[in-house]
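Visitor: Hi! Could you walk me through this one?
Guide: Happy to. Let's put it on the screen.
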Amino acid sequence: MPKMNLSHFEASFLFALFTSIVLGIVTKKTDRERIVYGAQCFGYFLLALFGLGWIMKIGHG
Amino acid sequence: MSKEKKPKEPMPPLKQWLHVVAVGWLIPGGGHLLLGRRGRGALLALSVVAMFVLGLMMRGALFQPQTGDLLTTIIYCGGFLGNLASGILYLLSVWLGYSQPDVAGHVHDYGTKFLVAAGLLNVLAMVDAFEIAAGKKE
């Protein structure tokens with residue numbers, strides 16, 4: 001099996017993507033609601049990712 | 001204000017949902033496919049399989065149950081259950097020798113988390129398949 005080296009951002013991005021897809025599918029009842037919720041989750045994941053990234057950068061000095 | 005207690009719904013008969021949940025565990029998304037929800041089943045399968053394969057490719061470790069102090073027990077037994085929830089993906093990885101020891105490094109660490117997360121996403125898919133099979137959800 002080939003080895004994969006992902007950066008922190010790439011790994012977090014993929015984690016956010018797949019988790020959002022599953023959360024969208026299992027949480028809501030109509031397809032439209034699923035797409036909206038999945039996109040929302042993905043957006044919040046990215047927001048948290050960038051937010052925490054900046055907090056760590058600022059905190060680290 | 002008085003809160004009215006909802007009467008507890010009776011558990012649906014076992015034979016109505018057990019095979020769906022079992023197939024959903026063994027083959028990620030399989031429960032949905034069995035119930036005719038092809039699109040959702042395919043997307044769930046894609047997500048769980050992709051997470052698991054990425055975890056393996058990042059050389060993540062598969063947990064073996066270990067006991068000791070509380071934290072060790074929670075991490076190793078919980079991690080093992082999380083891995084096991086991936087069904088055939090976990091079984092094949094162990095049988096074909098893809099199980100690897102835990103090594104230091106952020107990529108391996110992400111890999112280990114991806115492997116456990118794939119199992120946990122499959123648990124969500126199994127619960128959803130149960131609700132559909134039990135008639136609680138469309």
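Guide: We can start with how the chains meet and then turn to single residues.

Visitor: Sounds good. What kind of model is it?
Guide: This is a predicted model.

Visitor: OK. How many residues of chain B are in contact with chain A?
Guide: On the chain B side there are 24 residues, and they are in contact with 21 residues of chain A.

Visitor: And how much area do chain B and chain A bury between them?
Guide: The two bury about 2,300 Å², with 75% of it on carbon and sulfur atoms.

Visitor: How many salt bridges turn up across that interface?
Guide: The rule finds zero salt bridges between chain B and chain A. It does find four residue pairs in polar contact across the interface.

Visitor: Which helices of chain B supply residues there?
Guide: Helix 3 (38-57) and helix 6 (106-133) of chain B each supply at least two residues of the side that touches chain A. Helix 6 gives the most, with 10 residues.

Visitor: How do the residues on that side of chain B divide?
Guide: The split is 16 nonpolar, three polar and five charged.

Visitor: Switching topic: how many aromatic pairs are there over all chains?
Guide: A search of the whole structure finds eight. One of them is Phe9(A) with Phe50(A), a tilted pair with 5.8 Å centre to centre and 55° between the planes.

Visitor: Where do those two sit in the chain?
Guide: Phe9(A) is in helix 1 (residues 8-27) of chain A and Phe50(A) is in helix 2 (residues 31-60), so the pair links parts of the chain 41 residues apart.

Visitor: Are they buried or exposed?
Guide: Partly exposed: Phe9(A) has a relative accessible area of 40%, and Phe50(A) comes out at 47%. Both also belong to one aromatic cluster with Phe13(A) and Phe42(A).

Visitor: What about an aromatic pair in chain B?
Guide: Try Trp17(B) and Phe130(B), which are edge-to-face, with 5.0 Å centre to centre and 90° between the planes. Trp17(B) is in helix 1 (residues 14-26) of chain B and Phe130(B) is in helix 6, 113 residues apart. Trp17(B) and Phe130(B) are both buried.

Visitor: Back to charges. How many salt bridges are there over all chains?
Guide: Four over all chains. In chain A, Arg34(A) forms one with Asp31(A), and the closest N and O atoms are 2.8 Å apart.

Visitor: Why are Arg34(A) and Asp31(A) separated by about one helical turn?
Guide: Because they are three residues apart in helix 2 of chain A. Arg34(A) counts as buried at 7% relative accessibility, while Asp31(A) is exposed at 53%.

Visitor: Which salt bridge links distant parts of chain B?
Guide: Glu138(B) and Arg37(B) link distant parts of the chain, being 101 residues apart. Their side chains meet at 3.6 Å, N to O. Glu138(B) lies in the segment after helix 6, and Arg37(B) is in the loop between helix 2 (30-34) and helix 3. Glu138(B) is exposed, with a relative accessible area of 63%, and Arg37(B) is partly exposed at 22%.

Visitor: Which residue does Lys137(B) meet in a salt bridge?
Guide: Lys137(B) meets Asp128(B), at 2.4 Å from N to O. Both Lys137(B) and Asp128(B) are buried.

Visitor: Last one: where does Ser86(B) lie?
Guide: Ser86(B) is in the loop between helix 4 (70-84) and helix 5 (88-95) of chain B.

Visitor: Does Ser86(B) count as buried or exposed?
Guide: Buried, because its relative accessibility is 0%. Beyond its neighbours within four places in sequence, Ser86(B) is in contact with residues including Trp25(B), Phe52(B), Leu115(B) and Asn122(B).

Conventions: Residues are numbered from 1 along each chain as its sequence is written. Chains are lettered from A and ligands numbered from 1 in the order in which they are written. This is a predicted model: local features need pLDDT of at least 70, side-chain atom pairs count only at pLDDT 80 or more; totals for chains, interfaces and linings use all residues. Side-chain values use heavy atoms; hydrogens and water are left out. Contact means heavy atoms within 4.5 Å. Buried area is the accessible area (1.4 Å probe) that two parts lose on being put together, summed over both. A polar contact is a pair of N or O atoms within 3.5 Å; within protein, one must be able to donate a hydrogen and the other to accept it, and residues adjacent in sequence count only if both atoms are side-chain atoms. Helices (H or I, at least four residues) and strands (E, at least two) are DSSP runs, numbered from the N terminus. Ala, Val, Leu, Ile, Met, Phe, Trp, Tyr, Cys and Pro count as nonpolar, Asp, Glu, Lys and Arg as charged, and the others, Gly among them, as polar. Rings of Phe, Tyr and Trp (its six-membered ring) pair if their centres lie within 6.5 Å; planes under 30 degrees apart count as stacked, over 60 as edge-to-face and the rest as tilted. Buried means under 20% relative accessible area, exposed over 50%, partly exposed in between (1.4 Å probe, protein chains only).
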